[in-house]
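Please open the structure in your viewer and keep the selection panel at hand. The tour below moves from one selection to the next and says what is to be found at each stop.

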Amino acid sequence: MTDLMSKIISLCKRRGFIFQSSEIYGGFGSCYDFGPLGVEMKNNIKLAWWDEMIKNHENIVGLDAAILMNPRVWQASGHLTAGFADELVECRLCHKRFKLDEIKDKKCPECGGELMAPRKFNLMMKSFVGPVEEEAAVTYLRAETCQGIYVNFENILNSMRLKVPFGVAQIGKAFRNEITPGDFIFRTREFEQMEMQWFCHPKNAKKYFDFWQKERLKWYLNLGIKKENLRIKEVPEKERPHYAKQALDLEYKFPFGWKEIEGIHNRGDWDLSNHSKYSGKDFGYVDEGTKEKYFPYIIETSAGADRSFLAFLIDAYTEVKGGRTKTTRATKETEILLKLHKDLAPIKVAVLPLVRNKPELVKKTKEIYQMLKPNFMCQYDESGSIGRRYRRQDEIATIAVVTIDFETLEKEDVTIRERDTMKQKRVKILDLTNVLKEKLGI
Ligand code: GAP
């Protein structure tokens, strides 16, 4: 593991972003829990994506489909056949298993041992519905959220009176029995996807494929990811998912290499025509004007909430050797500054009394905290020196720190300290909410 990844994992645990699932029992197969700050940040990412799709674009509606679906969905989608399988090889010596495409020189990457012949390994997670396992119906945890959108194609079209082209957005959990999960939350067996399916006339598929890749790149850049850490990779035909006519990976430069954070696919009519065939429901669309009947092509943008979380975190992570404050002697150790975009930062405002042993100061601080709390995600902190508390807030990306001091009691004003510049200014308590709202763009 790289030094930077160790630091990120340590920060995540120390400051309540991410914990290992079932840690007290030794963890469980690359599963993770998002802690108090992690859930705020992840919700912020999902909200930014939802707003982008639903508010900033026209003709996109939302959906929240069930995770468990009729197993025939997965027959129709091709996920139960060879299409959704990885090739697995096992070492004869240490019995570790690897994805075939991770093997470089036909030897076990761990011990150099001889490898057995590759086997196909389906990634669907199987489960059972009903109390008695032997009699119960087999079901699968969804491997991609979008199938819930396709099977509801007609319901959405009719209930919302939509016309092609239009889009359906959905955020939700997906599950894959990955052979080699790893790299922290990069590849896990349970993860969250943010998927938008754009239904269009086949002749316009290329135009929208180009449009959506530009839009998606812009979204990451607008939320602060550095341009040099993002790239688009065209996926060659033999590596494309079974449903894709054309595919792009939007890649981020992780400490462990360039890796996909989002897939953009032209799925053609694969999904609608197969669901029509398997269900008997005709998903052919009739254009009201031309009377032409066709299966709309689907351009999908499929982002991982967890992978983007990791990318945003890594991109924002900054170390300042010797500390940022030049005015005190006490801050000479390396400081961590998390430069998350204001929309993604888990805590927007911290409220601190200058010292905690003056009851009138603490009382006033708590009043101000209560005043701000309904408007912003706030944190009250009174333990440790003021410098140490500022640094604690910098480490979790808090945008503004409001400090209540002795002058506050006389003049009814406070200081606001900005995270990135450390600039401080005094603001009247009466104006505080509006000044912070303006700063946070809300
Ligand atoms: N519906 C298309 C689809 O699922 P994908 O490229 O297989 O496409 C899309 O997945 C995104 O979902 C990926 O770019 C990644 O961000 C996320 N993802 C996929 N498998 C994952 C895993 N095992 N762990 C975490 N995220 C994953």
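For the opening stop, a disulfide is taken to be a pair of cysteine sulfur atoms within 2.5 Å. With that cut-off, a search of the whole structure finds zero disulfides. Select C108, which is in no disulfide, and then C94, whose sulfur is the nearest cysteine sulfur at 3.8 Å. C108 counts as buried because its relative accessibility is 4%, where buried means under 20% relative accessible area, exposed over 50% and partly exposed in between, computed with a 1.4 Å probe and protein chains only. C378 is also a residue to select here, and it is buried with a relative accessible area of 9%.

Before going further, note that this is a predicted model, in which local features need pLDDT of at least 70 and side-chain atom pairs count only at pLDDT 80 or more, while totals for chains, interfaces and linings use all residues. Residues are numbered from 1 along each chain as its sequence is written, and side-chain values use heavy atoms, with hydrogens and water left out.

Next, select the ligand together with the residues that are near it, that is, those with a heavy atom within 4 Å. This shell holds 21 residues, the closest being E144, T188, E195, E260 and E300.

Which atoms lie opposite the nitrogen atoms of the ligand? A polar side-chain atom of E178 lies 2.8 Å from a ligand nitrogen, and an N or O atom in the side chain of R267 is 3.4 Å from a nitrogen atom of the ligand. At I261, by contrast, a backbone N or O atom lies 2.8 Å from an oxygen atom of the ligand. The protein covers 94% of the 560 Å² of accessible area that the ligand has on its own, as given by the Shrake-Rupley method with a 1.4 Å probe.

Now colour the strands, which are DSSP runs of E with at least two residues, numbered from the N terminus. Strands β10 (190-200), β13 (257-268) and β16 (297-304) each supply at least two residues of the ligand shell, and β13 gives the largest share, six residues.

Finally, keep β13 selected and add its partners, where two strands pair if DSSP finds at least two bridges between them. Strand β12 (residues 246-254) pairs with β13 in the antiparallel sense over nine bridges, and the two form a hairpin with two residues between them. Within this pairing, E260 of β13 is the bridge partner of E251. β13 also pairs with β16, in the antiparallel sense over six bridges, and A303 in β16 is the bridge partner of E262.

Conventions:
A polar contact is a pair of N or O atoms within 3.5 Å; within protein, one must be able to donate a hydrogen and the other to accept it, and residues adjacent in sequence count only if both atoms are side-chain atoms. Helices (H or I, at least four residues) and strands (E, at least two) are DSSP runs, numbered from the N terminus.
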